[in-house]
Amino acid sequence: QASRSKAWSAEAFGATGLMGNIIEMSGHLFTLGRIPTKMLSAEDIYFKVLAQRMELHAQAARLSRRLGLTGDDRVDFMAAFITNPRSGEWGNYKFAELGGGEIFKKTHDIARYTALQRELGEVGKSIRMIGRMPVLRYFLPVITTPINSFLYGVRDRSPFALMSKEWRQTIANGGAEADLALGRLSYGTAIIGVAAMMTWMGLMN
């Protein structure tokens with residue numbers, strides 16, 4: 001990312017003096033001072049934080065239920081866990097011993113998944129390497145987000161999920177993650193089915 005941010009600069013073109021100043025000014029002009037990029041970054045951070053906190057609350061609720069806590073005890077436990085999931089404690093419970101570190105890491109994985117920024121697999125990484133080639137990078141400036149968008153919308157929320165090794169492993173592992181995976185497949189497939197039926201009936205073009 002750092003090298004790409006200086007792709008249009010006097011340094012990148014090896015220019016100095018007047019020509020260097022023209023290149024620098026044109027870069028600021030064409031990118032509007034990078035204001036759109038900064039706004040997108042702020043939006044990205046907002047939704048990642050939102051997703052991470054939502055997942056942290058969900059994990060706290062699941063953990064408190066597994067421990068058999070109810071009423072005010074459950075509320076107090078969840079509040080303490082959400083505040084410091086990795087090294088905090090509540091009563092006789094030490095969150096590190098309850099897997100708080102792994103849970104906290106998982107919340108960030110969910111945040112990246114929601115923001116379409118998960119690490120790509122081998123095929124995705126190969127495509128990203130092609131996108132970094134000197135000429136192609138101007139035609140394929142962003143690779144990670146479109147691939148993650150496809151996986152998020154098409155693979156995980158359609159019958160194509162059944163062909164995914166990762167999805168089948170999630171189902172085999174069971175638990176809340178398996179329930180969520182089945183939920184995504186079910187409602188995504190239902191929406192596709194309804195849209196197809198409405199199109200066939202001439203109700204949607």
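1. Let me start at Asp156. Setting aside neighbours within four places in sequence, Asp156 touches Tyr113, Leu151, Ala161, Arg184 and Leu185. Please keep in mind as you read on that this is a predicted model. Asp156 sits in the loop between helix H8 (144-155) and H9. With a relative accessibility of 7%, Asp156 counts as buried, because the cut-off for that label is under 20%. Its side chain is also joined to the side chain of Arg155 by a polar contact of 2.8 Å.

2. A step back for the overall picture. The protein chain has ten helices and two strands. Read from the N terminus, the order of elements is α-α-α-α-α-β-β-α-α-α-α-α. Of the 205 residues in the protein chain, 25% are buried. Among contacts in the protein chain with a separation of 6 or more, 45% are between residues 24 or more positions apart.

3. Asp44 is a second aspartate you may like to look at. Asp44 belongs to helix H4, which covers residues 35-66. Is Asp44 buried or exposed? Its relative accessible area is 19%, so Asp44 is buried, given that the label requires a value under 20%. The side chain of Asp44 makes a polar contact of 2.8 Å with the side chain of Gln117. Once neighbours within four places in sequence are left out, Asp44 is in contact with Ala115 and Gln117.

4. Leu116 deserves a glance at its backbone. Leu116 is in the loop between H6 and helix H7 (122-131). The phi angle of Leu116 is near 60°, a positive value in a residue other than glycine. As background, most residues other than glycine have a negative phi. You may want to have Leu116 on screen when you check the backbone angles in this loop.

5. Next, the packing of H4 against H6. The axes of H4 and helix H6 (residues 100-114) come within 8 Å and cross at roughly 140°. That angle makes H4 oblique to H6. The crossing in which H4 passes H6 is right-handed. On the H4 side, the residues are Lys48, Ala51, Gln52, Glu55, Leu56, Gln59 and Leu63, and they meet Ile103, Phe104, Lys106, Thr107, His108, Ile110, Ala111 and Thr114 in H6. Sorted by class, this contact has seven nonpolar, five polar and three charged residues.

6. H4 also packs with H5. Here the angle between H4 and helix H5 (residues 71-83) is about 135°, with the axes 9 Å apart. H4 and H5 are therefore oblique to each other. Their crossing is right-handed. From H4, Arg53, Leu56, His57, Ala60, Ala61, Leu63, Ser64 and Arg65 meet Arg74, Phe77, Met78, Phe81 and Ile82 of H5. The residues of this contact divide into eight nonpolar, two polar and three charged. Leu56 and Leu63 are worth picking out: they are among the H4 residues that meet H6, and they are also among those that meet H5.

7. H9 and H10 form another helix pair to inspect. What is the handedness of the crossing of H9 and H10? The crossing is left-handed. The axes of helix H9 (residues 165-173) and helix H10 (residues 175-200) come within 7 Å and cross at roughly 130°. H9 and H10 are therefore oblique to each other. In H9, Trp167, Thr170, Ile171 and Asn173 meet Gly175, Glu177, Ala178, Ala181, Leu182 and Leu185 in H10. By class, the contact of H9 with H10 comprises six nonpolar, three polar and one charged residues. Leu185 ties this point to the opening one, as Leu185 is among the residues in contact with Asp156.

8. Finally, a residue in the strand region. Gly91 is in the loop between strand E1 (89-90) and strand E2 (93-94). Gly91 has a relative accessible area of 63% and is exposed, because the label applies over 50%. Between the C-alpha atoms of Gly91 and Asp76 there are 9.9 Å, with the two residues 15 apart along the chain. Asp76 falls within the residue range 71-83 given for helix H5.

How values were computed
Residues numbered from 1 in each chain as written. Predicted model: local features only at pLDDT ≥ 70, side-chain atom pairs only at ≥ 80, totals over all residues. Heavy atoms only, no water. Helix = DSSP H or I, 4+ residues; strand = E, 2+ residues; numbered from the N terminus. Buried < 20%, exposed > 50% of the residue type's maximum accessible area, 1.4 Å probe, protein only. Polar contact = N/O pair within 3.5 Å; in protein donor to acceptor, adjacent residues only side chain to side chain. Contact = heavy atoms within 4.5 Å. Axes fitted to C-alpha atoms, helices over the stretch in contact; angles between N-to-C directions. Parallel < 35°, antiparallel > 145°, perpendicular 65-115°, else oblique. Left-handed = near helix turned anticlockwise from the far one by under 90°. Nonpolar A, V, L, I, M, F, W, Y, C, P; charged D, E, K, R; others polar.
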